[in-house]
Amino acid sequence: MLSKNLGKRDICLLTHKNVPSSILRLPRVKVMRGDIAKSNFGISKKDLNFLSSKVTEIIHCAAKTDFSISRGLAEKVNVTGTKHVIDFAAQCKNISKVGV
């Protein structure tokens with residue numbers, strides 16, 4: 001989830017464990033870890049309220065595209081995870097775009 005406005009802080013909710021150090025060093029980026037397959041991304045109510053009050057755009061690109069994984073895992077991430085993103089977007093006060 002990123003903001004295009006210069007001078008504002010970008011917030012990245014990451015589900016991947018190996019975050020490139022170049023992202024972590026960016027002064028405008030606040031990195032939060034979450035799990036797309038969990039309701040409210042598995043983050044605290046406080047963090048969820050913070051995100052929903054700040055996010056203006058959502059870019060959802062968390063998906064499993066490996067055809068060798070189980071159907072259950074693919075559904076958990078791709079279907080349930082997308083539903084979680086849509087549910088979160090509905091809570092956002094300043095949302096202007098959602099890209100799924």
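1. Let's start with the aromatics: this predicted model holds one aromatic pair. The partners are Phe-41 and Phe-88, with ring centres 5.4 Å apart and planes at 65°; over 60 degrees counts as edge-to-face, so that is the label this pair gets.

2. What does the pair link? Distant parts of the chain. Phe-41 sits in the loop between β2 (29–33) and α2 (45–54), while Phe-88 belongs to helix α3, and 47 residues separate the two. With the cut-off for buried at under 20% relative accessible area, Phe-41 qualifies because its value is 3%. Phe-88 comes out at 2%, so this ring is buried as well.

3. Both phenylalanines turn up again in the largest nonpolar core, which has 13 residues. Phe-41 and Phe-88 are among those with the most contacts inside this core, alongside Leu-51, Val-55 and Ile-58. Which elements give two or more residues to the core? Those are α2 and α3, and α3 gives the most, with four residues.

4. Helix α3 deserves a look of its own. The helix covers residues 71–91, 21 residues in total, and runs 29 Å from its first C-alpha to its last, close to the 30 Å expected at 1.5 Å a residue. Do check the backbone around Gly-81, though: a kink of about 30° in α3 is centred there. Gly-81 is also one of the buried residues of the helix, a list that further holds Val-77, Thr-82, His-84, Val-85, Phe-88 and Ala-89.

5. His-84 is the polar name I'd pick from α3. Is this residue buried or exposed? Buried, because its relative accessible area is 13%. Setting aside residues up to four places away in sequence, His-84 touches Ile-36, Ala-37, Lys-38, Ser-39 and Phe-41. Phe-41, then, appears both as a contact of His-84 and as the ring partner of Phe-88.

6. Seen from the other side, Ala-37 lies in the loop between β2 and α2. Its relative accessibility is 15%, so Ala-37 counts as buried. Beyond its neighbours within four places in sequence, Ala-37 is in contact with Lys-76, Thr-80 and His-84. Ala-37 and Leu-73 are 36 residues apart in sequence, with 9.2 Å between their C-alpha atoms.

7. To pull this together: the loop between β2 and α2 supplies Phe-41 to the aromatic pair, with Phe-88 coming from helix α3. Ala-37, from that loop, has His-84 among its contacts, and His-84 is placed in α3.

How values were computed. Residues numbered from 1 in each chain as written. Predicted model: local features only at pLDDT ≥ 70, side-chain atom pairs only at ≥ 80, totals over all residues. Heavy atoms only, no water. Expected span 1.5 Å × (residues − 1). Bend = angle between axes of the 7 residues up to and from the residue. Buried < 20%, exposed > 50% of the residue type's maximum accessible area, 1.4 Å probe, protein only. Phe/Tyr/Trp six-rings, centres within 6.5 Å; stacked < 30°, edge-to-face > 60°. Contact = heavy atoms within 4.5 Å. Core = buried A, V, L, I, M, F, W, Y, C linked by side-chain atoms within 4.5 Å.
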